Amino acid sequence: MSHKVLIADDEPNILISLEFLMKREGHQVFVARDGNEALEAIRRERPDLVLLDVMMPGKTGFDVCQAVRADESFAGMKIVLLTAKGRDTDVAKGTALGADAYLTKPFSTKDLAARVRELLGGGA
Amino acid sequence: MKVDARELAAALAPGAVLALWAAGGAGVFALTLEPAERAALGAMLEPRAALLVLGWLLLSGALGALARQAYLRWVAAPARLAEDAKVLVGTDAQREIEPAGSAENRALAEAINQLARQRAALRGDIDAKVREASREIEQERSRLAALMSELTQSVVVCNLDGRILLYNNRARLQFRALSQAPSLADGAELIGLGRSIYAVFDRQLVAHALQSVQQRLQRGAASPSAQFVTSTRGGQLLRVQMAPVRAIAAAAGAAEGADEVALNGFVLMLDNITRDFADESLRDQLLHGLTEGSRASLGNLQAAVEMLDYEDLDAPTRERFLGVVRDEVQAMSRRIQDLARHTTQTQKTRWPLEDMLGADLAAAAVQRIGALGSCRASAGEVDAALWLKVDSYSLLQALTYLAARLVDEYEIRLIRLRLAAAPGGRAHLDLIWVGQAMSTETVMTWETDPIRVGDESTALTVRDVVDRHDGEFWFERERVRHEAFFRFLLPLASGHEQLEAEMFVRHESRPEYYDFDLFQATEPTRELADRPLAELSFTVFDTETTGLNPSDGDEILQIGATRIVNGKLRRQENFERLVDPQRPIPEASIPIHGITPEMVAGQPTIREVLPAFHRFAQDTVLVAHNAAFDMRFLQLKEAATGVAFDQPVLDTLLLSALVHPAQSSHRLEEIAARFGVEVLGRHTALGDAMVTAEVFLKMIPLLADKGIHTLAQAREAAQQTYYARIRY
């Protein structure tokens with residue numbers, strides 16, 4: 001079944017791959033290149049899952065995640081944080097702010113795809 | 001000769017008593033007689049009256065002489081003895097009492113003499129002990145000062161008011177770096193005996209650290225010290241460790257379980273961590289860039305590569321992923337290159353290297369090689385100005401090892417050392433010999449064999465030693481001269497450290513950077529004016545000027561100053577600056593002050609120098625010879641520089657007129673000659689300031705003799721002198 005997936009990352013080099021990957025998985029994909037764009041897209045498209053980069057200009061992934069979780073109407077939206085920050089304190093923060101998964105770059109696309117499938121399957 | 005009234009009385013008393021007795025006896029006798037008998041007796045005595053008087057005279061003369069003797073023996077002699085004894089008690093006179101009078105009196109005199117001798121011996125004993133004790137204290141103090149001055153850590157000791165009692169050379173250099181006008185005042189406006197440490201550190205910060213030290217002391221902590229990091233006004237980061245100086249009485253009390261531990265000061269050990277901190281942050285930044293930056297790149301790469309694994313990709317999509325791979329590989333290469341460039345600059349000195357004068361290293365190597373026995377070594381061409389950054393122990397081992405192998409395997413008998421600067425902040429250290437050349441392969445094995453020196457074998461190789469220095473090592477031949485040499489490429493010490501090191505060696509006499517008497521000093525509660533002159537801190541200064549009339553455009557050329565703290569001249573704490581007068585220097589004045597236009601070209605102007613001098617002179621009384629003259633120059637610059645010298649001023653010219661009113665000249669040279677002060681470097685501002693300071697110190701006791709003890713008294717009395725009434 002098809003889901004709406006939003007990918008928010010300021011690096012085009014990862015966007016290309018993730019977009020391709022998610023489309024291959026059969027999802028309807030939207031992209032955003034910074035935090036503010038991501039929030040707009042979330043409000044507009046109400047995706048089922050968001051792949052959020054933590055380090056983005058404008059609003060960070062943490063900010064976006066927090067804003068989404070503060071809004072009841074987005075309940076059930078899955079959030080996967082993607083980050084180059086590997087410190088365990090960052091993982092703790094991401095989890096505390098309500099992310100469903102936290103992947104540290106570099107990660108295997110197979111793992112990512114599996115996590116996404118798992119999250120969307122469980123939420124559906 | 002004075003007649004002793006009591007002696008006279010004693011001599012006359014027997015005659016008087018005899019006369020009274022005779023007269024009284026005759027009277028009573030006469031009353032018992034009938035008138036006829038009285039007349040008959042009278043008729044009988046009258047012709048013999050002369051005989052009777054003569055008898056009385058003889059008798060009273062003899063008795064009088066006896067009575068006088070008795071008086072002298074039993075009354076006068078003890079009285080004199082008592083007087084002599086009183087003199088002995090009241091004075092320190094080393095004299096004996098002449099025994100006189102009776103045997104008892106003589107014995108008494110002898111006993112008193114013995115007591116006096118005993119007293120003298122005891123006194124001598126105590127004096128000797130006091131002298132011994134003060135010599136020991138002085139020795140301990142100078143030992144401490146010696147220790148402090150050699151320490152490579154900055155140490156400052158303060159009393160509880162934050163006044164500096166001791167500082168070492170390192171601290172002086174460090175404060176120099178903290179100074180906001182380092183080129184002008186050299187930090188001497190910040191550090192100096194008696195100066196307040198709060199000019200550098202926030203009072204609250206120090207109070208807080210003191211409090212935690214006190215708490216730790218009360219808990220009985222083993223090392224009751226506190227640490228804080230602070231940034232100074234100049235933006236430097238200092239790590240400060242504070243240790244208590246306990247009051248001696250309290251230390252004894254604490255042993256008996258007293259819970260209040262009294263401090264009477266504190267020791268601060270300072271570390272300037274600005275550079276460490278900057279290095280650390282840079283390292284952090286690089287590490288951060290490496291991990292996070294690489295993570296992102298690797299993430300992009302991995303994703304792209306994994307996408308390429310899908311076999312059903314069309315050509316344009318495949319090309320897009322390949323583009324990502326190329327792009328990211330380039331980005332990572334750039335990052336690694338940047339990192340490598342930085343790390344060679346910052347990380348290379350991981351092995352603790354010390355600054356060492358190259359000539360010292362060469363001399364040590366010559367000695368070590370000479371000690372091998374069968375070979376002579378010499379340090380021929382050594383650049384004596386080079387400071388190396390080396391691990392001297394392992395480097396000397398490597399040099400000795402190489403020399404030993406040359407001796408053993410090639411029978412080399414003469415080895416020369418050469419040290420020269422090389423490009424890129426490095427130096428060449430060469431081990432040169434004449435003779436048979438060896439193959440490069442041989443050298444390679446020498447480089448990587450473990451170093452053996454005598455029977456001692458180490459795990460190190462020459463290569464390891466070279467790596468420690470981030471240096472290089474190779475073998476070269478000079479065919480023309482039949483010479484061959486091993487060359488070490490070694491790092492030079494950085495300029496900053498070289499400078500410091502030079503400053504360390506340059507001091508020939510150990511400067512006095514301590515005065516423990518200041519421990520007693522507490523914040524003055526009395527007004528400055530009422531404090532004794534001997535207790536005050538003075539800035540003694542002099543200026544050289546283009547001429548005599550500041551109002552006609554004459555300007556200051558030089559300011560020199562020194563400090564007097566706690567009654568002692570502090571030669572090391574001085575201030576000397578040339579000033580660009582921004583006007584021509586009159587030709588006629590040059591022989592007087594010796595300052596030429598070339599000397600002041602490029603020097604700071606009075607706008608920069610005067611504020612620096614103002615800070616140097618803060619919290620002190622100004623002293624100058626003919627101060628009115630110098631003060632007019634300073635005051636005319638108040639508007640332009642924004643600093644006002646509103647502290648009290650003393651004038652040695654006026655004070656001289658006060659202590660030597662009969663002298664006709666009060667010129668500085670004359671006064672100096674009068675006081676026996678040696679004049680060196682007269683007519684430089686600092687030289688004159690030093691002479692003025694010495695003269696001033698000699699005047700203080702003379703002023704005290706005239707009843708002038710306090711600053712207020714000195715100023716008032718000076719105003720009364722003849723010279724004060726002449727307007728300049």
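These exercises walk through a predicted model, with a worked solution after each task.

Local features need pLDDT of at least 70 and side-chain atom pairs count only at pLDDT 80 or more, while totals for chains, interfaces and linings use all residues. Residues are numbered from 1 along each chain as its sequence is written, chains are lettered from A in the order in which they are written, and side-chain values use heavy atoms, without hydrogens and water.

**Exercise 1. Chain A**

Task: find in which order the elements of chain A run, and what share of its residues is buried.

Solution:
- Start with the count: chain A has five helices and five strands. Helices (H or I, at least four residues) and strands (E, at least two) are DSSP runs, numbered from the N terminus.
- Read from the N terminus: the order is β-α-β-α-β-α-β-α-β-α.
- Turn to burial: 52% of the 124 residues of chain A count as buried, meaning under 20% relative accessible area with a 1.4 Å probe, protein chains only.

**Exercise 2. The interface**

Task: state how much area is buried between chain B and chain A, and which residues of chain B supply the most.

Solution:
- List the members: 20 residues of chain B and 18 residues of chain A take part in the contact (heavy atoms within 4.5 Å).
- Take the area: about 1,800 Å² is buried, with 57% from carbon and sulfur atoms. Buried area is the accessible area (1.4 Å probe) that two parts lose on being put together, summed over both.
- Pick the top three: B:Glu292, B:Arg295 and B:Asn300 supply 27% of the area that chain B buries against chain A, more than any other three residues.

**Exercise 3. Polar links**

Task: find which side chains form the salt bridge between chain B and chain A, and which helix of chain B gives the most residues.

Solution:
- Count: the rule finds one salt bridge across the interface, that is, a side-chain nitrogen of Lys or Arg within 4 Å of a carboxyl oxygen of Asp or Glu.
- Name the pair: A:Arg24 meets B:Asp312 at 2.8 Å, N to O.
- Name the elements: helix H9 (274-308) and helix H10 (315-346) of chain B each give two or more residues to the side that touches chain A.
- Rank: H9(B) gives the most, with eleven residues.

**Exercise 4. A hairpin in chain B**

Task: describe how S1 and S2 of chain B pair.

Solution:
- Direction: S1 (residues 154-159) and S2 (residues 164-167) of chain B run antiparallel, joined by three bridges. Strands pair if DSSP finds at least two bridges between them.
- Partners: B:Cys158 stands opposite B:Ile164 in S2(B).
- Turn: four residues lie between the strands, and B:Gly162 has a positive phi near 85 degrees.

Note on methods: Buried < 20%, exposed > 50% of the residue type's maximum accessible area, 1.4 Å probe, protein only.
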